[in-house]
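Reader: Could you walk me through one strand of this model in close detail, and then through the hollow spaces in the structure? I would also like to know how far the prediction can be trusted.

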Amino acid sequence: MRAASLALALLAVVATGCAAGQDGQPQAGDTRFVAGDGKMTIFAAADRKPAPVIEGPTLDGGTASLKALQGKVVVLNFWASWCNPCRAEAPILKDVAAKTKASGVEFLGIDFKDSKAEALAFEKSEQPGYPSLFDQPGRLALAFQGTIPPAAIPSTLIIDEQGRIAARALGAVKYTDLMNAVTKVRDE
């Protein structure tokens, strides 16, 4: 029943667009999609939940998984080509990814509820410098049920070196907020 409710909520996001400004972020286990303000929330180490298994085909024809990145800080960004805030934050993600790669931080996009052709055009245009999983049906977002869900498009999750969800932003991230959060989690 919860999976069906989440699937309906995901469809509502697709039908109405993506994240815009709103106060309040859902807590762990809350799988409703909400608008977000892009603020990064960092979770205390003792309160972090393990990230689910995330793996699948990438837009470029390869495969990617969180398991393959185990032991590294990973920034997961849920995006879609139809989402204007996703387009707005793309240069920020690209810049932070480039600046933190040498220190062992990895970025992984998750293209959500999108057509492959539009997603590929978006990636060709933006050239993010990191792979994106193609998640047209939204199964990867559903995998976070019971943890810290993405809950908006765009959403950004930071996974710590132990594979736990260390931070989350709902909505388009701001450069300083993302860089500070990535640096803090990386330096723990």
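**Strand E5 and its surroundings**

Author: Happily! Strand E5, residues 105-112, is mostly covered, with eight of its eight residues buried. Buried here means under 20% relative accessible area, against over 50% for exposed and in between for partly exposed, with a 1.4 Å probe and protein chains only. Strands (E, at least two residues) and helices (H or I, at least four) are DSSP runs numbered from the N terminus. This is a predicted model, in which local features need pLDDT of at least 70 and side-chain atom pairs count only at pLDDT 80 or more, while totals for chains, interfaces and linings use all residues. Residues are numbered from 1 along each chain as its sequence is written, and side-chain values use heavy atoms, with hydrogens and water left out.

Val 105, Phe 107, Gly 109 and Asp 111 point one way from E5, while Glu 106, Leu 108, Ile 110 and Phe 112 point the other way, and all are buried. In a regular strand, side chains alternate between the two faces of the sheet.

Now for the neighbouring strand. E5 pairs with E4 (residues 73-79) in the parallel sense over seven bridges; two strands pair if DSSP finds at least two bridges between them. One of the E4 residues, Trp 79, has Asp 111 as its bridge partner in E5.

Trp 79 also leads us to a hollow space, as Trp 79 and Asn 77 are among the residues lining the largest cavity. A cavity is a set of points, on a 1 Å grid over the protein atoms alone, where a 1.4 Å probe fits but cannot get out, and lining residues have an atom within 4 Å of a point. The structure holds one cavity of 30 Å³ or more, and the largest has a volume of about 90 Å³. E4, helix H2 (84-100) and helix H3 (116-126) each give two or more residues to its lining, and H2 provides the largest share, four residues.

Finally, the confidence. The mean pLDDT of the protein chain is 83, and 81% of its residues reach 70 or more; pLDDT is the predictor's confidence in each residue, from 0 to 100. Over residues 1-17 the pLDDT is below 50, and this stretch has 24 contacts in the model beyond near neighbours in sequence, a contact being heavy atoms within 4.5 Å. Residues 19-34 also have pLDDT below 50, with 53 such contacts. Where pLDDT is low, the predicted coordinates should not be read in detail.

Definitions and conventions
On a 1 Å grid over the protein atoms alone, a cavity is a set of points where a 1.4 Å probe fits but cannot get out, and a pocket is an open set with protein on both sides within 12 Å along at least five of seven lines; lining residues have an atom within 4 Å of a point. Grid points are joined across faces, edges and corners, and a volume is the space filled by probe spheres set on the points.
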